[in-house]
Amino acid sequence: GLVLVHISDETQMLVDGGLAAGLYVVVEYNGAMTFSIPGQITAQAVMGYVLEGEVLSIEKDGKAILINSVPQGELIVNLPEGSISAPVPGSYVRVYFNGVVALSMPGQITAWHIDSFVRFAGEVTEVSDQGILITAEDGQQMLARVDEGTLYADEVKAGDKAEVLYNGILTRSLPPQGRAVYLRLIAE
């Protein structure tokens, strides 16, 4: 359930980019928790590192994936213990891990948690209260709904090149609509 984690001046913060809502972290503490609701602890260390990239292939009989991560390049990501299935090739993943990359070829990490997304990219055709209409080079369209939960949301305008990451669920409307988890401008 929920746990309120107190951070003191002695807490080691090993978090890539600082704490943010939605970040998956591991908290080390001395084992003492209050009986309050929610329980409360004092962190000795908070750890969380994130890599993002496209899934290239499934490896090790479905227990790992090979991703192309910027700027690290190709990495083997060992899936968290108990994972039922691997993200499919072509999907975009955000991998949370402890910051350790094995010096193998390619490098390897062990994931604590993986978020998997579908990517849609193209030209911003329209920006409205309904969302951001994006048209891909092949003419397919998606209306990306952007809200306070959308991460990395850049200000976009008609004519910009942008990519949307979403959970793969689209409405059966024309154009299909989906909630943008990420929205980013694509550099020319």
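The paragraphs below follow the salt bridges of this structure, which is a predicted model.

A search of the whole structure finds seven salt bridges, and a good place to begin is the one in which the side chains of Arg 184 and Glu 52 meet, with 2.8 Å from N to O. This pair links distant parts of the chain, since Arg 184 belongs to strand S13 (residues 182–185) and Glu 52 to strand S4 (residues 39–59), 132 residues apart. Both Arg 184 and Glu 52 are buried.

A second salt bridge joins Arg 119 to Glu 163, and here the closest N and O atoms are 2.4 Å apart. Distant parts of the chain are linked by this pair as well, with Arg 119 in strand S8 (residues 107–127) and Glu 163 in strand S11 (residues 161–166), 44 residues apart. Glu 163 counts as buried because its relative accessibility is 12%, and buried means under 20%. Arg 119, with a relative accessible area of 43%, is partly exposed.

Another salt bridge is formed where the side chains of Asp 160 and Lys 157 meet, at 3.2 Å from N to O. How do its two partners stand, buried or exposed? Asp 160 is buried, with a relative accessible area of 15%, whereas Lys 157, at 54% relative accessibility, counts as exposed because the cut-off for that word is over 50%.

Finally, salt bridges that share partners bring Glu 52, Arg 119, Glu 163 and Arg 184 together into one network, and among the members of that network are the buried residues Arg 184 and Glu 52 and the partly exposed Arg 119.

How values were computed:
Residues are numbered from 1 along each chain as its sequence is written. This is a predicted model: local features need pLDDT of at least 70, side-chain atom pairs count only at pLDDT 80 or more; totals for chains, interfaces and linings use all residues. Side-chain values use heavy atoms; hydrogens and water are left out. A salt bridge is a side-chain nitrogen of Lys or Arg within 4 Å of a carboxyl oxygen of Asp or Glu. Helices (H or I, at least four residues) and strands (E, at least two) are DSSP runs, numbered from the N terminus. Buried means under 20% relative accessible area, exposed over 50%, partly exposed in between (1.4 Å probe, protein chains only).
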